[in-house]
Amino acid sequence: MRGPDVPAKALDARALAALAANPGCRRRAILDGAGVDKASLASALGSPSVFGQSQFAFTRGNAFEARVKADGGAELLRLVHEKLDRGAEPPVGGHVPDLSATGPEGRAARTALALREATGSPGTWTLLDHPMLALDVAGSPAYLEPDAVVVHPDGSWTVVEIKSFPMLDGSADPAKVGAAARQAAVYVLALERVAARLDPAPRVRDRVLLVCPKDFSNLPTASAVDVRKQRAVTDRQLARLTRIEDIADTLPEGVCFSPELPAEELTAAVEAVPATYAPECLSACELAFHCRARSREAGAVTSLGRPVRAELGGLSTVEEVLAAARGEAGDPDDPAVAALRRAAELRAEALAAAGAAAQEAAVCL
């Protein structure tokens with residue numbers, strides 16, 4: 001489906017988290033499952049993506065992460081102890097194993113070995129810096145690299161996410177925290193797969209540590225984030241991805257998503273797979289601008305947001321909504337239709353009252 005000369009783009013935690021955030025989008029599911037580079041695809045479609053991190057933010061994030069992990073991760077381990085495991089002995093000189101190996105498969109094997117060794121050494125703190133985890137996605141391994149994994153003295157494992165957005169007065173932007181939680185949930189799932197191969201299986205904690213700059217400084221602070229809900233959603237979505245062949249079977253014979261195709265042919269190939277656009281896609285998917293334009297052209301109410309779509313029931317287009325509000329269509333017993341008609345009546349009354357007041361004011365003048 002990519003085309004013979006188009007290299008596959010490996011799935012990462014961000015892509016898997018985005019799938020979990022919009023599990024009904026068949027277009028994203030099949031493009032990610034096929035390893036299509038959606039950024040190149042969006043540019044070829046004439047709707048280039050601005051999704052992603054700026055070079056400045058990337059550099060700032062790397063500098064902050066280096067500070068958090070300095071001195072053998074002493075500050076990071078202190079934050080894990082403070083926020084997640086105060087009952088354990090405070091970390092003093094935690095162990096940081098060497099995870100270097102050849103290729104992602106070798107690094108994943110080295111990470112699994114380091115986790116096994118750390119779990120078998122109770123009473124010590126271990127910090128795995130940028131471990132490599134493997135997660136089966138649609139029948140092939142996706143290699144994931146969390147910022148850090150900490151093994152507690154009791155042998156349990158914690159995922160650590162380090163972000164460059166600030167925590168102001170102890171709290172951060174809810175949207176950014178939610179995105180970080182979905183990404184961390186992918187790592188939790190991958191860690192659980194590693195833990196399941198050990199006997200006895202160690203506990204993978206369902207609260208992750210989110211580390212951010214404190215207020216407007218470069219000093220680290222942290223918060224424990226419960227990712228059980230995000231983990232469950234991601235797990236369900238991965239189960240759907242294993243059935244990606246069902247989506248592929250509905251595509252026209254020989255369909256290809258190569259950016260080298262003529263614009264009309266490429267557009268037809270992409271449109272052959274239905275999308276479920278929502279405004280949240282703008283911060284999570286490279287094809288968001290293209291899908292938004294198509295959604296608006298079709299008058300789909302999903303372009304107004306999921307809450308609005310949920311309230312409108314069976315009314316799926318803006319034209320249907322307006323017709324229902326005018327009393328031209330729709331079942332009067334439908335609560336959504338009744339609410340729209342009542343809202344239209346109230347609007348008409350308000351406009352009439354405003355018009356009458358304006359006329360009265362004009363007469364007085």
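This report describes salt bridges in a predicted model, together with the surroundings of one leucine.

Local features are given where pLDDT is at least 70, side-chain atom pairs count only at pLDDT 80 or more, and totals for chains, interfaces and linings use all residues. Residues are numbered from 1 along each chain as its sequence is written, and side-chain values use heavy atoms, with hydrogens and water left out.

**Salt bridges**

A search of the whole structure finds 22 salt bridges, a salt bridge being a side-chain nitrogen of Lys or Arg within 4 Å of a carboxyl oxygen of Asp or Glu. Three of these pairs are set out below.

| Pair | Closest N and O atoms |
|---|---|
| Arg-27 and Glu-271 | 3.5 Å |
| Arg-231 and Asp-235 | 3.8 Å |
| Arg-326 and Glu-319 | 3.5 Å |

In the pair formed by Arg-27 and Glu-271, Arg-27 lies in helix 2 (residues 26-33) and Glu-271 in helix 10 (residues 263-271), so the salt bridge ties together parts that are 244 residues apart in sequence. Helices here are DSSP runs of H or I with at least four residues, while strands are runs of E with at least two, and both are numbered from the N terminus. Arg-27 is buried, with a relative accessible area of 6%, whereas Glu-271 is partly exposed at 32%; buried means under 20% relative accessible area, exposed over 50%, and partly exposed in between, with a 1.4 Å probe and protein chains only. Both residues also belong to a network of salt bridges that links Arg-27, Glu-271, Arg-294 and Glu-297.

Arg-231 and Asp-235, by contrast, both lie in helix 8 (residues 228-241), where they are 4 residues apart, about one turn of the helix. Arg-231 counts as partly exposed at 23% relative accessibility, and Asp-235 likewise counts as partly exposed, at 27%.

In the remaining pair of the table, Arg-326 is partly exposed with a relative accessible area of 46%, and its partner Glu-319 is partly exposed with 49%.

**The surroundings of Leu-219**

Leu-219 lies in the loop between strand 6 (207-213) and strand 7 (220-226), and at 44% relative accessibility this leucine counts as partly exposed. When residues up to four places away in sequence are not counted, Leu-219 touches Phe-64, Arg-67, Cys-212, Pro-213 and Lys-214, where contact means heavy atoms within 4.5 Å. Leu-219 and Cys-285 are 66 residues apart in sequence, and their C-alpha atoms are 31 Å apart in space.
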